[in-house]
Amino acid sequence: MSWSTFVAVGDSFTEGVGDVDPITGTERGWADRVAEHLARQDPALRYANLAVRGQLLDQIVREQVDPALAMSPDLVSICAAGNDLLRPTARPADLAERLDGAVGRLADSGADVLVFTGFDTRSTPVVDLVGRRLATMNEHIREIAARRGAKLVDLWTMDTLADPRARADDRLHLNAEGHRRVAVRVCEVLGVPTGQDWRDPWPPREPTPWVRRREEDIRWVRGHLVPWVGRRLQGRSTGDGRPPKRPEPAPVH
């Protein structure tokens with residue numbers, strides 16, 4: 001099966017944060033990689049990515065869903081609510097109700113819709129503090145996919161993403177290899193051959209000395225955790241004022 005227009009909707013995960021193209025210096029990410037695989041089947045494919053890092057579910061619904069529908073996509077992905085779950089007041093049931101409405105609108109347009117669970121957070125202790133909420137939200141997302149006839153990309157079951165080597169330096173986002181594996185998984189769900197396998201095991205590695213692990217922890221706290229907490233206290237987001245990287249459908253080069 002092939003598609004003519006693919007539109008990606010979401011936050012930093014879909015924008016591609018953590019997967020920096022070494023040539024252009026810009027984020028690439030799983031959605032760009034999927035578009036590249038799709039374009040190999042149909043070079044006329046048009047692709048837009050409306051995702052903006054840091055956005056909450058309601059922002060994504062308000063600012064991205066209508067523009068996505070206006071592009072008349074026959075394939076659209078939506079991954080949202082991850083940033084909401086990091087907030088102590090988050091209620092998965094309420095988030096799921098609002099996400100369901102957005103997925104329903106996209107599905108009613110006739111497009112094939114991709115939805116995503118959250119991936120395993122157990123290798124990231126700080127993020128795993130919201131693990132119970134995430135597990136509950138994942139169950140809601142599975143139910144939404146079944147009810148709306150959406151295609152489910154169950155990231156939680158991708159055990160290879162639980163390895164710390166799939167994460168960027170901030171320990172929250174996926175790195176290039178993590179995004180590559182997600183792209184292969186998405187193509188598998190879509191029935192698009194890639195010649196790759198997201199299940200490929202990571203190679204063995206030498207144990208990291210305790211002192212080096214502590215040094216890495218200190219650098220992470222100073223470079224990522226403290227700035228993140230500071231932004232939350234000030235009500236700021238890394239995506240404030242940031243436009244989508246691909247606001248209009250265009251051929252994939």
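Throughout this tour, a residue is called buried under 20% relative accessible area, exposed over 50%, and partly exposed in between, with a 1.4 Å probe and protein chains only. The model is predicted, so that local features need pLDDT of at least 70 and side-chain atom pairs count only at pLDDT 80 or more, while totals for chains, interfaces and linings use all residues. Residues are numbered from 1 along each chain as its sequence is written, and side-chain values use heavy atoms, with hydrogens and water left out.

**First selection: Phe13 and its aromatic partners**

A search of the whole structure finds five aromatic pairs, where rings of Phe, Tyr and Trp (its six-membered ring) pair if their centres lie within 6.5 Å, and where planes under 30 degrees apart count as stacked, over 60 as edge-to-face and the rest as tilted. Select Phe13 and Phe116, which form an edge-to-face pair at 5.8 Å centre to centre with 75 degrees between the planes. This pair links distant parts of the chain, 103 residues apart, with Phe13 in helix 1 (residues 12-15) and Phe116 in strand 4 (residues 112-116); helices (H or I, at least four residues) and strands (E, at least two) are DSSP runs, numbered from the N terminus. Phe13 has a relative accessible area of 9% and is buried, and Phe116, at 3%, counts as buried too.

Keep Phe13 and add Phe119, with which Phe13 forms a tilted pair, at 6.4 Å centre to centre and 55 degrees between the planes. Phe119 lies in the loop between strand 4 and helix 6 (131-148), so its pairing with Phe13 in helix 1 ties together parts that are 106 residues apart in sequence. Is Phe119 buried or exposed? Like Phe13, Phe119 is buried. Adding Trp30 completes the selection, since Phe13, Trp30, Phe116 and Phe119 form one aromatic cluster.

**Second selection: Arg181 and Arg185**

Move to Arg181, which lies over the face of Trp202 at 4.5 Å from the ring centre; the criterion is that NZ of Lys or CZ of Arg is within 6 Å of the ring centre and within 35 degrees of the ring normal. Then select Arg185 in helix 7 (residues 176-190), which is buried with a relative accessible area of 15%. Not counting residues up to four places away in sequence, Arg185 touches Val153, Met158 and Trp198, contact meaning heavy atoms within 4.5 Å.

**Last selection: Val20**

Finish at Val20, in the loop between helix 1 and helix 2 (29-41), where a relative accessible area of 44% makes Val20 partly exposed. Leaving aside neighbours within four places in sequence, Val20 is in contact with Gly25, Thr26 and Glu27. Adding Asn175 shows a residue 155 places from Val20 in sequence, with the two 8.1 Å apart in space, C-alpha to C-alpha.
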